[in-house]
Amino acid sequence: TALTSGENTLADGYYLIVDTTANVGEGGAYNKALLQVVGNISIAVKTDAPTVEKKVKEGGSYGDVADCNIGDSVEFLLIGSVPDMSRYDTYKYIFHDTLSTGLTAPAEGNIQVYLSNDKVVDSSDTNVTSDFNITVSGQNITVSCDNLKTVSGISTDQYIIVKYSAVLNEKAEIGLDGNTNTVKLEYSNKPDQSGSGDTGNTGNTPEDNVIVFTYELDTTKVDGQDNTTKLKDAKFVLLNSEGTKVAKIVGGKFAGWQDLPNAGADGKIAADAWTSESVLTSDENGMFKVAGLDEGTYLLREIVAPTGYNMLTADITVVITATTSTTWNGENASTALTKLEVTAGGKTTEGNTSTGIVGITVENNKGATLPETGGIGTTIFYVLGAILVLGAGVLLV
């Protein structure tokens, strides 16, 4: 006899009430079979199912969107809620996490699992990694427990949190496509069939996504008087904001920070002291590129000027600014990255969010360069001038 929502008239007797729903859908669960006797009774649906979220760390907080340099370690959290498991004999609980190809998955031993009273991990939380089976295969991470009820101290409304870091690699997408990462939670959803022989009686939560962005800096070298004239063979290095590290560039992509070469007796670093992997050379179109940069502040230093041009005497401060959202529904990346800008030499230029490219122009002027103030060149002029004055005085006498 099919029962409907509302009143149902039945003869006295014993009834086994069974949930016959064909498909409870994502995030749903079946009711446990009930045995009831005679009399007027009320039956309420008693199902519970877990939820799952994925978060990525940006700065000091977690959200759905982050950006970073290629080579940076990116921290992720998988947060699963603990449902009411009282109607189950055993309860399967499995995280299925998928990283984009732009992220290198961690080793299995670097993945930790915690039991927490909230959605963060702190010193008060219990490490329950030993209660879970962890496997990493390519871009897929699986964290599973055959019976969540056996985890010591677990109770309804707590959270199981998986914590790990992955490295943004040279395959990372630049710009708006981003590097998306997805998790879903598989869980027991048929309480009347859970037990030691339980197989195939699980459901899945809807997927949850986060996204990681990285950007590209294009620099064009031009003549200071005629900006249409592009200058090749100018050589630069890219430094961090403090000027204490130099970028290593491999195949036009950022590949980490290196120590600066030793300076000479004059306190300056000679052009030939920089490694080949740190030198950026302008091509026939006056351009050089660095892909895989986080938003933030960088310094561009010219170490060799084009033939016939004066070399820049000061570093160029370059600031990449990205406007991103802290939340994202996983559907349209343009709602996650809404604006991209770059500031250099006091001038701000809008970038292209789709390609992730920001561009700047650097000018060089022709002509001889006078010795800088306080340098050895001015000292020579002073000495020669004094000699000439002294010589004139001798001749006069």
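D97 is a buried residue in this predicted model, with a relative accessible area of 1%, and the carboxyl group of D97 takes part in a salt bridge with K54, where the closest N and O atoms lie 2.8 Å apart. The two partners come from distant parts of the chain, since D97 belongs to strand β7 (residues 93–98) and K54 to strand β3 (residues 52–58), with their positions 43 residues apart in the numbering. K54 is buried as well, because its relative accessibility is 0% and the limit for a buried residue is under 20%.

A second pair can be followed in another part of the chain, where D259 forms a salt bridge with K245 and the closest N and O atoms are 2.3 Å apart. This pair also links distant parts of the chain, with D259 in strand β20 (residues 253–259) and K245 in strand β19 (residues 245–250), 14 residues apart. D259 is exposed, with a relative accessible area of 58%, while K245, at 29% relative accessibility, counts as partly exposed.

A third salt bridge joins the side chains of K339 and E341, with 3.4 Å from N to O. K339 is partly exposed, having a relative accessible area of 35%, and E341 counts as partly exposed too, at 24% relative accessibility.

Side chains of opposite charge can pair when their charged atoms come close. Such contacts can also be joined together, and in this model E53, K55, D64 and K119 are linked in a network of salt bridges. Altogether, the count for the structure comes to twelve salt bridges.

Technical notes: Residues are numbered from 1 along each chain as its sequence is written. This is a predicted model: local features need pLDDT of at least 70, side-chain atom pairs count only at pLDDT 80 or more; totals for chains, interfaces and linings use all residues. Side-chain values use heavy atoms; hydrogens and water are left out. A salt bridge is a side-chain nitrogen of Lys or Arg within 4 Å of a carboxyl oxygen of Asp or Glu. Helices (H or I, at least four residues) and strands (E, at least two) are DSSP runs, numbered from the N terminus. Buried means under 20% relative accessible area, exposed over 50%, partly exposed in between (1.4 Å probe, protein chains only).
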